[in-house]
Each structure stands twice: as C-alpha cells, then as structure tokens.
Amino acid sequence: MSMRTPLCDLFGIEHPVLLAPMAGVSGGVLAAAVSNAGGLGLIGGGYGDADWLMREFNAAGEARIGVGFITWSLARQPRLLDLALARNPVALMLSFGDFKPFLHQIRAAQTKLIVQVQTLEQAREAVDAGVDAIVAQGTEAGGHGGTRATLPFVPAVVDIAQGIPVIAAGGIADGRGLAAALALGGSGALCGTTFFASDESLASEGAKQAALSGSGDDTERSSVFDMARGLDWPSDWNLRTLRNTFTRQWSGDIVGLRENLAQEQTRFNTASAAGDLDVAAVIVGEAADLIRTPQTAQATLRAMISQAEDRLRCLCRYVGHLKED
Ligand SMILES: Cc1cc2nc3c(=O)[nH]c(=O)nc-3n(C[C@H](O)[C@H](O)[C@H](O)COP(=O)(O)O)c2cc1C
C-alpha cells in the first residue's frame, strides 16, 4: 500500500489521513493509534483542561502526534499553548476563531500550523498568513462547523491556496471519500466521525453504539447542546449531532430553551452523567451512514487507504477506456 501526497512529506507520514482533534474523543491513545498506523493523530485539546491535556500527551507515549485547539477558547487560556508546544507536537491545528495572535509563538516553536476553515474569507486569511496546511471543512462534518458543503468548498479553497496543501474534511469516512478528496485537489483528509467509534476512542460505549447504528439522515446542526453545556460559542458555528428527544424539543424553540435554561442544563447534565442519549449529545456527522463496525483505528485507516487505492485505479482505467472510444 502506498499513496503519497504533499501532505505525507509535510508531516513525515505514510498515509494522507489525519485524525480530527475531537474534544473528549481524540485522546492520546487514539491519536497514537492513527499515527502508528501511518496517518497523523491529533489530540483534541477541546475547551482546555491542562491536566487532561498532559495526561493525554503522556498516554500517546512515543508516537509522533499533533494537537488541536478551539481557537476562541484557547484565547481565554493561552497557557495551554505553552504546555502543548513544550511536548513538540508534529502539528498544531487551530479551528474556530482568530489564529493570528498565536502565529508567532507556533512559528517560533517550529511546529507546523494547520488552520481549519469554513469560509473562503477564512481561507484567504490563512493563505495570507502563510500557514502550513488548511483544512477545508464542509458542513457535513460532525461537531462544530459552518454552512458550506465539502464538494464545492474544497476545490474553491484549493483554487486560492497558492500551493498550500488543502486537507478536505466533512463527510469523509472511507476510501471513496478519500479518493474524492484527492480528486477535488485536496492533499488528504481529516476525519472525525469515522474514528468516533474506534476501540481507542474516548467516547462512551453507548455513544459509540448510537453512532454505529445512526444515519446521516438522523443528524442536524443546532446550538441546543452548546446552550445546555453553558458554552458561549460564537454564532458563526453550530454543532452537528444525532437528533434525539432534546434536539426535537428545543432546536426549533431556542427562545423557549433560553427561558428554561437552568432547568434544562440540569436535565442535560444528569442525562450526560447517566449516559441517557435521549437527552445527552452524540456528536457525529453525515458520514455516520458509513461506519457500521466497531474496530481499531488501524483497521479503519488500512481499509480507507486500500479502498481509496482501488477507487483511484478503477477511475484511471475508466479514463483509459474513454480515450480508446
Ligand atoms: C465528536 C467530534 C468532536 C469534535 N471536536 C472538535 C474540536 O474539539 N475541535 C475541532 O477543531 N474540531 C472538532 N470536530 C470537527 C473535526 O475537526 C472535523 O472537522 C470533522 O470531524 C470532520 O468531519 P467528519 O466528522 O465527517 O469526519 C469534532 C468532530 C466530532 C465528530
């Protein structure tokens, strides 16, 4: 198996696939599993808990891994960046907010900077700043995101990227999606949902089962879980999850949720602690249709690479066939 793209050279990896830095899900063991299988695993720095972050770096052992932060949250506790950079991550990914205040420090540490974007305006800022790689995230993605769809958004970002490697994200869960990402001009893919139910993921067993039996049809974007969690996310982004009783009750009635917030936060916290997924969030994207089997991250990555190679070979034959006609 071999499929080299500029992304492999940039990060010194064998396969052009990155594990998304999923808050609460991508811990050190999962990140190490993806890296040891030839991709690049990113620990999900999330909303910033220094002890958690250090524990997860330790859990990754000697593996070459990276880390990702939610930028607006990192701005409130910049010390986390010092801690992360002290662990010499292969790459640091910033998403959702102004990355520029952190640029100097990341460059000084000689760590590669990946910026995840949801609009062309954000992509232009990343290009102007000369970041090392850009993740173009489509709305199909699990977790927070914007409104652009992966299929037209990725090539539009490639067109303005001036040679900076573009990594496609949002809805890519198998080799067909990876082959499509490369066909769009991307240098690889960043995947969250497909690794959510991995053996090594920190998601609860109940959430993994719900993800494996869920469908993209059953997902929606809303801000109800951010309100329930007391997270003041900027309105540019909302959260794709599986639908459940809680989203059905409140996603069409944000005013009502705000009026009942204290009571609903208690209900949400109680349900989350008890693993009651009628109320608690299962954060996956439209690619939930494509994940059906509990397996190791290595098995997922291997299957993805081998299927992408098959698809690309098959498509090459198709072009040859057209030529002959
Ligand atoms: C459970 C979950 C948690 C996520 N948490 C984060 C996060 O903390 N920071 C971040 O930059 N992206 C986060 N994302 C979004 C990913 O970075 C990525 O864009 C997305 O997973 C790609 O789409 P996919 O889920 O279809 O693979 C999360 C995604 C999921 C599924």
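1. Which element gives the most to the shell around the ligand? That's α10, with three residues; helices here are DSSP runs (H or I, at least four residues) and strands are E runs of at least two, numbered from the N terminus.

2. Before going on: this is a predicted model, where local features need pLDDT of at least 70, side-chain atom pairs count only at pLDDT 80 or more, and totals for chains, interfaces and linings use all residues. Residues are numbered from 1 along each chain as its sequence is written.

3. Back to the ligand: 30 residues surround it (C-beta atom, placed from the backbone, within 6 Å). The closest are Ala-23, Ala-141, Gly-142, Gly-143 and Gly-192. Besides α10 (193–196), β3 (66–70) and β9 (188–191) each give two or more residues.

4. Now look at α8 (residues 150–160). Thr-150, Phe-153, Val-154, Val-157 and Val-158 are buried, meaning 20 or more other C-beta atoms within 10 Å of their own; exposed is 12 or fewer, and partly exposed is in between. Down the axis of α8, these buried residues fall within an arc of 135° (directions from the helix axis to the C-beta atoms), so they line one face of the helix. Pro-152 and Asp-159, on the other side, are exposed.

5. What covers that buried face? The cover includes β5 (112–117), α7 (120–129), β6 (133–137), β8 (166–169) and α9 (175–183). At residue level, Ala-136 touches Phe-153, Val-154 and Val-157, among others (contact: C-beta atoms, placed from the backbone, within 7 Å).

6. After α8 comes Gln-162, with a positive phi near 50°.

Conventions. Contact = placed C-beta atoms within 7 Å. Lists of a residue's contacts leave out its neighbours within four places in sequence.
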